[in-house]
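This briefing covers surface, domains, interfaces and charge pairs. The points below are grouped by topic.

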Amino acid sequence: MNLPDVLLKLSFFVFTLLITALLSRVLSLLIGDLFREWAPSLRTSLQRLASVAVWMVGLIFAIGLLGLKTDLLLLLVGLMGLAVLLALREVLENVGAKYFSDLYIPFKVGDIIRVGGQSGKVIEINPVTTVLLTKEERLISIPNSVFMREKVVNLTPHVWKEILIPVTISSSLSLPEFESEVLKACGRFRRYLDERFPPLLTVKGREEKYVNLILTLMVKDPSKKEEIVRELNRKISEIEKNLKRKK
Amino acid sequence: MRLCLVSQTPLVLFLRERRQEHGTVPLKLSSLSEGEDYEFTAGGVTKMVYPLLRKMREGGLLEVAHWVSLNPGAPPLLSSSGLLLHHLELEKQRLSGYGAAKETLWRTLHGLSRETVDFLWQDEFIDYTYFNRKCAEFLLSLEKENDFDLFYIHDFQMLPLGHMLNLLKPKLFRWHLPFDETLLPEEWRPLLSLYFNSYEAVVVSCRKYLKTLRRLGYRGKSVHLYPYLDLSLYGKPTREEVEALCNRFGIGEDERVVLVVARLDPMKGQDRAIEGFAKAGIPGTKLMLVGDGSFSSSKKGMGLSKAERWLGYLRGRARELGVEDRVIFAGYLKPRELQAAYERCEVVLLPSLLEGFGLVVIEGWVYRKPCLVSRRAGVAELIKEGENGLLFDPLLPEELAEKLSLLLSDERLAASLGEGGKETSSLCSLERGVEEEAKVMRELVGE
């Protein structure tokens, strides 16, 4: 292969990577816009997943452009994925359940719950199990997948009022600014909320690029929960977008 | 121990804008001139905190000490006596909202207004939350560099910080205000309870405030520690200093002085003092009101002008009661001048309608002065009627007038109360305060 050929292939390779980056960004924005009423954490995860998928396809395509064989690479990736899925089937089931229970199952650390004939205070929710402390001071570890199959009763007083909205924002955004805007947005729903509990934003964790938050609200009428959550999710997306734009 | 302390009020107030002058290199306080470049902020919090930190540094208990506060226009970083003072800014509009919110909180906690749940939903409360979050974010960045052992948060303005600092580090909160559960709006209780419960320990100024804390549902460690002063700083002023003070304010040699030391604020009850003083009608006596606005309430600090308005009202009230020529509005006095005022006076009066503690009584005791104390001040807990002071109800000017007359006519009683007070003042000495604070802090850190 002569030098101009190599240079040409390399420039195609770089060009493909640039297109991949652009596609990944466009897809991420598209998801953000299309699913703005979804829980922000779920939306962010979907964006990350889509980005990883686009990059994988883009990379394989770019490697193909260099003239290298990608069939074997594809087979290896596929087989590895299958092996991981099979080996970690149960763990993944629990991790997945944990992921969805975070978003949709109404209990948190500190609540008293009953599930599958066991009851106790939730003292830990890890990726695989949820740990309950019983009245007799015994620890019970319940696989997270159980929460997707069994009926869960939350016995915590007034918990029916609670709305927990997980939010993930970029750590480059100003948290005080974001919080102010979210609190103002919540104020619009004040007539549906228990006024003694103003909206509260709690930082649950920080990663290098993201800050994980929980927005807690208390409703007067639980039948309005879904509507409020949907509206707030939409509002939060807008706030995030506006702050990013301002930056 | 590596400590990070937070108070809204800074140690010093700069007399001109210096924000842009220095960046990350700390400006040394010792390189500046008091009275020209800066002045120490008034009030009990800074009077306690600064000597506490200095003493703990000197005693080797504190390896690192950072003090974060709000100080618009001040250099971002200052160093003094081994302490690093961080000054936070707040945008003008936010500052005004924050100021309004903290004023509402302050008034409500002092029973001056009956707030409703509306307050928790107003933009001002959002600005209050904004400042706390800004401070929390700053503390987290400091934590990354310093790995603190303890966060010590002072006063009601910073209460939400505990909840915002989601760190597995002990957080100690000191409540300086009066804490009367009957004044707390019912609708605020869930939020207050949540905020308090984010601290591992809470310190209050009086024993009686512990009850409010428990009834609010606080489950952590609650401690009562009397506020304290570095009593060694209160030296005997020279004869010349006392004379200079008298000349400045037109106090005659034979005239007697009743002294009130408090910032200009309706809650401090200067109007009650003027009323009681006028009712007592003791000839040859002057009422000296020392103090100007606090960091928040003066134009120099956060830009609110509450103090100026109150001063206007007090002048008018003195005129109405016909005592304007016998009431001295001394304003801010430098430490040596204040000491001369204590030395010169016959009685120290604390007329507050409500007061978290009342350190001026301790200052009066240092000079062996008889103290006439409002029953509504926290320090009243230390008064044994007729042994180390006299108590009165600030809402009853007759009672104040009667006891004031008694103290000015019975020299022996006045002297014995002064002696009794001097003995009691040791309960509020810096040494004792540092010892007790250190005990709480060590326990929390697990040393």
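F15(A) lies in helix α1 of chain A, which spans residues 3-34. F15(A) also helps to make a nonpolar surface patch. The model is predicted. Chain A is divided into three stretches, namely domain 1 (3-87), domain 2 (105-154) and domain 3 (159-246). Chain B is divided into domain 1 (2-229 + 429-445) and domain 2 (233-427).

**Surface patch on chain A**

- The nonpolar patch has an area of about 470 Å².
- Its makers are F15(A), I19(A), L22(A), L23(A) and V26(A).

**Domain 1 against domain 3 in chain A**

- The centres of domain 1 of chain A and domain 3 of chain A are 32 Å apart, taken over C-alpha atoms.
- Domain 1 of chain A puts 10 residues into the contact, and domain 3 of chain A puts in 13 residues.
- About 1000 Å² is buried between domain 1 of chain A and domain 3 of chain A.
- Carbon and sulfur atoms account for 48% of that area.
- How many salt bridges does the rule find across the interface of domain 1 of chain A and domain 3 of chain A? The count is zero.
- Residue pairs in polar contact between domain 1 of chain A and domain 3 of chain A also number zero, with both residues required to be at pLDDT 80 or more.
- Helix α2 of chain A (residues 40-65) gives the most to the side of domain 1 of chain A that touches domain 3 of chain A, with five residues.

**Domain 1 against domain 2 in chain B**

- Over C-alpha atoms, 27 Å separate the centres of domain 1 of chain B and domain 2 of chain B.
- The contact involves 37 residues of domain 1 of chain B and 26 residues of domain 2 of chain B.
- Between them, domain 1 of chain B and domain 2 of chain B bury about 2700 Å². Carbon and sulfur atoms give 65% of this area.
- W106(B), Y226(B) and L229(B) supply 20% of the area that domain 1 of chain B buries against domain 2 of chain B. No other three residues supply more.
- There are zero salt bridges between domain 1 of chain B and domain 2 of chain B.
- Seven residue pairs are in polar contact between domain 1 of chain B and domain 2 of chain B, both residues being at pLDDT 80 or more.
- On the side of domain 1 of chain B that touches domain 2 of chain B, the elements giving two or more residues are β4 (38-40), α1 (44-58) and α2 (92-109) of chain B.
- Which element gives the most to that side of domain 1 of chain B? It is α2(B), with seven residues.

**Chain B against chain A**

- The size of an interface is often given as the accessible area lost when the parts come together.
- For chain B and chain A, the buried area is about 2000 Å². Carbon and sulfur atoms carry 63% of it.
- W121(B), I126(B) and R133(B) lose the most area to chain A within chain B, together 36% of what that side buries.
- In residues, the contact takes 21 from chain B and 24 from chain A.
- Four salt bridges are found by the rule across the interface of chain B and chain A.
- R133(B) and E179(A) meet through their side chains in a salt bridge, at 2.8 Å from N to O.
- Eight residue pairs are in polar contact across the interface of chain B and chain A, with both residues at pLDDT 80 or more.
- Helices α3 (123-146), α4 (161-164) and α5 (189-196) of chain B each supply at least two residues of the side that touches chain A.
- The largest share of that side, eight residues, comes from α3(B).

**Salt bridges overall**

- Over all chains, the structure holds 40 salt bridges.
- E231(A) and R234(A) form a salt bridge, with the closest N and O atoms 2.9 Å apart.
- How are E231(A) and R234(A) placed in helix α7 (residues 225-246) of chain A, and what separates them? They are three residues apart in that helix, so about one helical turn lies between them.

Key. Residues numbered from 1 in each chain as written. Chains lettered and ligands numbered in written order. Predicted model: local features only at pLDDT ≥ 70, side-chain atom pairs only at ≥ 80, totals over all residues. Heavy atoms only, no water. Patch = residues over 30% accessible without salt bridge, like charges linked within 9 Å, V, L, I, M, F, W, Y side chains within 5 Å. Areas by Shrake-Rupley, 256 points an atom, 1.4 Å probe, with all protein chains shown as cover. Helix = DSSP H or I, 4+ residues; strand = E, 2+ residues; numbered from the N terminus. Domains from an automatic or database assignment. Contact = heavy atoms within 4.5 Å. Buried area = accessible area lost by both parts, 1.4 Å probe. Polar contact = N/O pair within 3.5 Å; in protein donor to acceptor, adjacent residues only side chain to side chain.
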